[in-house]
Amino acid sequence: MAHLNNGVDVPLEIPVEAKVIREQEKKGLIEFEIELAGHHIPEFQSIEFNSRTSILKVFNVEKSLSQNKNRLKLKIRADHLKKLHRGGYVMRLQYDDYESVMISKDSDAEYELSLGKKKYKFYQTVNGNLSLKVKKGK
């Protein structure tokens with residue numbers, strides 16, 4: 001609620017926010033637990049990977065998330081990411097068919113998965129968001 005100088009109260013809706021609260025690497029799996037906050041917590045449909053170099057390159061992964069009210073778990077394996085080309089990707093959570101929210105990450109811990117000739121590195125950006133870098137493996 002915003003209280004204006006003229007005595008009028010204006011309700012302000014807080015859009016949904018997503019923040020990593022727990023993260024761990026298990027054999028062949030990266031797991032992120034995400035806390036959701038806001039006036040309305042939607043049901044999330046997928047993880048969206050937006051290329052940093054081309055707005056046309058957007059990939060969705062639906063299989064790796066589960067939600068319980070304001071908690072979301074991402075369990076990501078390398079085979080979920082095999083369609084991604086080399087490059088950097090911003091990670092977002094998609095809801096209502098086209099809406100999405102970025103995932104904030106306070107920790108500077110990095111995690112890496114490998115599959116074939118690709119490596120997938122999850123990291124915190126300079127702005128404190130969760131991102132992915134796909135690079136050539138060995």
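I take two strands to pair if DSSP finds at least two bridges between them, and with that settled I looked up strand 8, where the bridge partner of Phe-32 is Leu-74. I note at the outset that this is a predicted model.

**Entry 1: strand 8 and its partners**

I began with the strand that holds Leu-74, and found that strand 4 (residues 29-37) pairs with strand 8 in the antiparallel sense, over six bridges. I then went to strand 7 (residues 65-68), which also runs antiparallel to strand 8 and is joined to it by four bridges. Within that pairing I looked up Ser-66, whose bridge partner in strand 8 is Lys-73.

What lies between strand 7 and strand 8? I find a hairpin with two residues between the strands, and Lys-69 in the turn has a positive phi of about 55°.

I next asked which residues of strand 8 make up its covered face and which its uncovered one. Leu-72, Leu-74 and Ile-76 are on the covered face, whereas Arg-71, Lys-73 and Lys-75 are on the uncovered one. I set beside this the general rule that in a regular strand the side chains alternate between the two faces of the sheet. Reading the bridges again with the faces in mind, I note that Leu-74, the partner of Phe-32, belongs to the covered face, and that Lys-73, the partner of Ser-66, belongs to the uncovered one.

**Entry 2: strand 10 and its partners**

I moved on to strand 10 (residues 99-104), which pairs with strand 3 in the parallel sense over two bridges, and there I found Lys-19 opposite Ser-104. With strand 9 (residues 87-95) the pairing of strand 10 is antiparallel and takes in four bridges, with Gln-94 standing opposite Ser-100. Strands 9 and 10 form a hairpin with three residues between them, and I recorded a positive phi of about 50° for Asp-96 in the turn.

**Entry 3: Ile-14**

Is Ile-14 buried, exposed or partly exposed? I record Ile-14 as partly exposed, because its relative accessible area is 44%, and the partly exposed class lies between the limits of 20% and 50%. I place this residue in the loop between strand 2 (9-10) and strand 3 (17-26). Leaving aside neighbours within four places in sequence, I find Ile-14 in contact with Gly-38 and His-39. I also looked up the separation of the C-alpha atoms of Ile-14 and Lys-26, which are twelve residues apart along the chain, and it comes to 34 Å.

**Entry 4: the largest pocket**

I then turned to the largest pocket, for which I have a volume of about 240 Å³. Its lining includes Phe-59, Asn-60, Val-61, Glu-62 and Lys-63, and also Asp-79, His-80, Leu-81, Lys-82, Lys-83 and Leu-84. By class, I count the lining residues as four nonpolar, two polar and five charged.

**Entry 5: the chain as a whole**

I closed with the chain itself, whose secondary structure comes to zero helices and 13 strands. The C-alpha trace spans about 65 × 30 × 30 Å along its principal axes, and of the 138 residues 41% count as buried. The chain exposes about 8700 Å², of which carbon and sulfur atoms supply 48%. Lastly, I looked up contacts between residues at least 6 apart in sequence, and 56% of these join residues at least 24 apart.

Key:
Residues are numbered from 1 along each chain as its sequence is written. This is a predicted model: local features need pLDDT of at least 70, side-chain atom pairs count only at pLDDT 80 or more; totals for chains, interfaces and linings use all residues. Side-chain values use heavy atoms; hydrogens and water are left out. On a 1 Å grid over the protein atoms alone, a cavity is a set of points where a 1.4 Å probe fits but cannot get out, and a pocket is an open set with protein on both sides within 12 Å along at least five of seven lines; lining residues have an atom within 4 Å of a point. Grid points are joined across faces, edges and corners, and a volume is the space filled by probe spheres set on the points. Ala, Val, Leu, Ile, Met, Phe, Trp, Tyr, Cys and Pro count as nonpolar, Asp, Glu, Lys and Arg as charged, and the others, Gly among them, as polar. Buried means under 20% relative accessible area, exposed over 50%, partly exposed in between (1.4 Å probe, protein chains only). Contact means heavy atoms within 4.5 Å. Accessible areas come from the Shrake-Rupley method with a 1.4 Å probe; for residues, only the protein chains shown count as cover.
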